[in-house]
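User: I should like to learn how to read the features of a protein model, taking each idea in general and then in a particular case. May we work through one together?

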Amino acid sequence: MDSSTASLYTSGPFATYLKASNEKQLFIEHFRRLYLRYRASRLYGGQVKVLDLGCGNGVTSQLVMDMLTERGQKFHYFGVDPHQGQLDQFASTVSAVSGSQLSLLQCDLAGFDTSEQFDLVIAYQLLYHVPDLTAALRKILSLGREVLIGHHGPRGIHQVQEQFRQHVTGGPHIISTDSEVEAILAGLEAEIGERHFERHGFVASIDVNSFRNHNLVAFLLQCDPAKLDDSLLYAVHLYLERITSPDFRLPHDVGLFTITNLTHPRL
Ligand SMILES: C[S@@+](CC[C@H](N)C(=O)[O-])C[C@H]1O[C@@H](n2cnc3c(N)ncnc32)[C@H](O)[C@@H]1O
């Protein structure tokens, strides 16, 4: 991830996306239910050790920490991200919870070196940025007993990136779907071992009424807003108008993968 794409998350584009989309809210609603499948949800003595890879500015991490707090679970939450500006935002906005701890580490996934095993490893919307999906998934699976992975599905951000592929900054690995992640995970039988692997998902929506907005388009294409010219903005505008009219809400698929130790009845 270069510095201009990294700054998408500390400046207007990510904030604009968060305002326009219900993705994070739907994520936590789903995860709250899925969490009951995790052995971690039954650990009440001491702190649950959670590793959040690619935690960014903590907007999703805060929702997870709030959920743990509501459940009465103390936690030690480890946030890892290579982009210090986002970690600084995280540290300045997080709400402290007595009996729980937060540690933030500036590091990328490949460089994250620990002998610690976490109760729960979260890699939510991180995998677009890694150059080698298989190596990244192997590493994620090795870091804890139970894992949650989230990745875009075919409709929504992915669809816009496919359409405007040549304008997406950061390399082709940015453009992948949950089906590719699932296919790789299905081949990592040895790494998954006795654990139970399931695919879930939900459909969020993005209000693209403001699709002339540089920040929203820059976020969708993961490119520098300053480099968006009028003709590209207009082309994105026409495309979004065509696929979302009349309500200007873009359905956005999100795949969730749970890797758990226990198989509970469906809840
Ligand atoms: C789409 S954002 C998701 C942020 C957060 N998980 C959320 O859902 O709000 C992707 C994050 O991954 C981080 N990232 C990029 N490359 C990474 C890598 N190689 N290892 C770990 N994190 C990375 C970025 O800095 C960014 O914060």
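User: Which residue follows H10, and what is the sign of its phi?

Analyst: Please note at the outset that this is a predicted model. As a general idea, most residues other than glycine have a negative phi, and most peptide bonds are trans. Here H10 is followed by Gln222, whose phi is positive, near 50°. Gln222 belongs to the loop between helix H10 (214–221) and H11.

User: Is Gln222 buried or exposed, and why?

Analyst: Gln222 counts as buried because it has 21 C-beta neighbours inside 10 Å, and the cut-off for that class is 20 or more.

User: How many residues of H10 are buried, and which elements do they pack against?

Analyst: In H10, 7 of the 8 residues are buried, so the helix is largely enclosed by the rest of the structure. The buried residues are Asn215, Leu216, Val217, Ala218, Phe219, Leu220 and Leu221. They pack against helix H2 (12–20), helix H7 (157–163) and H11.

User: Where does Phe248 lie, and what is notable about its phi?

Analyst: Phe248 is in the loop between H11 and S7. Although Phe248 is not a glycine, its phi is positive, about 60°. Phe248 counts as partly exposed, because it has 16 C-beta neighbours inside 10 Å.

User: Which residues does a cis peptide bond join?

Analyst: The general expectation is that most peptide bonds are trans. In this model, the bond between Ser245 and Pro246 is cis, with omega about 10°. Pro246 is located in the loop between helix H11 (230–244) and strand S7 (249–260).

User: Let us turn to the sheet. In what order do its strands stand, and which of them are at the edges?

Analyst: The sheet is open and has 7 strands in the order S3-S2-S1-S4-S5-S7-S6, with mixed pairing. Strand S3 (101–106) and strand S6 (196–207) stand at the edges; each has a single partner strand, so one side of each has no neighbour in the sheet. From one strand to the next, the twist averages 15°.

User: Which pairs of strands run parallel, and which run antiparallel?

Analyst: Among the parallel pairs, S1 and S2 are joined by 7 bridges, with Gln47 having Lys74 of S2 as its bridge partner. Strand S4 (residues 118–124) also pairs in the parallel sense with strand S5 (residues 144–152), over 6 bridges. There, Leu120 stands opposite Glu146 in S5. The antiparallel pairs include S5 with S7, over 6 bridges, where Gly150 is opposite Leu256 of S7. S6 and S7 are likewise antiparallel, over 12 bridges, and Ile206 stands opposite Leu250 in S7.

User: How many residues of S1 are buried, and which strands does H4 lie across?

Analyst: A general point helps in reading strands: in a regular strand the side chains alternate between the two faces of the sheet. S1 is mostly covered, with 6 of its 7 residues buried. H4 lies across strand S1 (47–53), strand S2 (74–81) and S4, and runs at about 170° to S2. Helix H5 (residues 84–93), for its part, lies across S2 and S3, running at about 165° to S3.

User: At what angle do H3 and H4 pack, and which residues make the contact?

Analyst: The general idea for a helix is that an α-helix has 3.6 residues a turn, so residues three or four places apart point the same way. Helix H3 (residues 23–34) and helix H4 (residues 59–70) pack at an angle of about 35°, and their axes are 10 Å apart. The crossing is right-handed. On H3 the contact residues are Lys24, Phe27, Ile28 and Arg32, while H4 contributes Val59, Thr60, Leu63 and Met67. By class, this contact has 5 nonpolar, 1 polar and 2 charged residues.

User: Finally, which residues come nearest to the ligand, and what classes make up the shell around it?

Analyst: Of the 20 residues around the ligand, the nearest are Gly54, Gly56, Asp108, Leu109 and His129. The shell has 11 nonpolar, 7 polar and 2 charged residues.

Terms used:
Residues numbered from 1 in each chain as written. Predicted model: local features only at pLDDT ≥ 70, side-chain atom pairs only at ≥ 80, totals over all residues. Axes fitted to C-alpha atoms, helices over the stretch in contact; angles between N-to-C directions. Helix = DSSP H or I, 4+ residues; strand = E, 2+ residues; numbered from the N terminus. Left-handed = near helix turned anticlockwise from the far one by under 90°. Contact = placed C-beta atoms within 7 Å. Nonpolar A, V, L, I, M, F, W, Y, C, P; charged D, E, K, R; others polar. Near = placed C-beta within 6 Å. Buried ≥ 20, exposed ≤ 12 C-beta atoms within 10 Å, placed from the backbone. Pairing = 2+ DSSP bridges.
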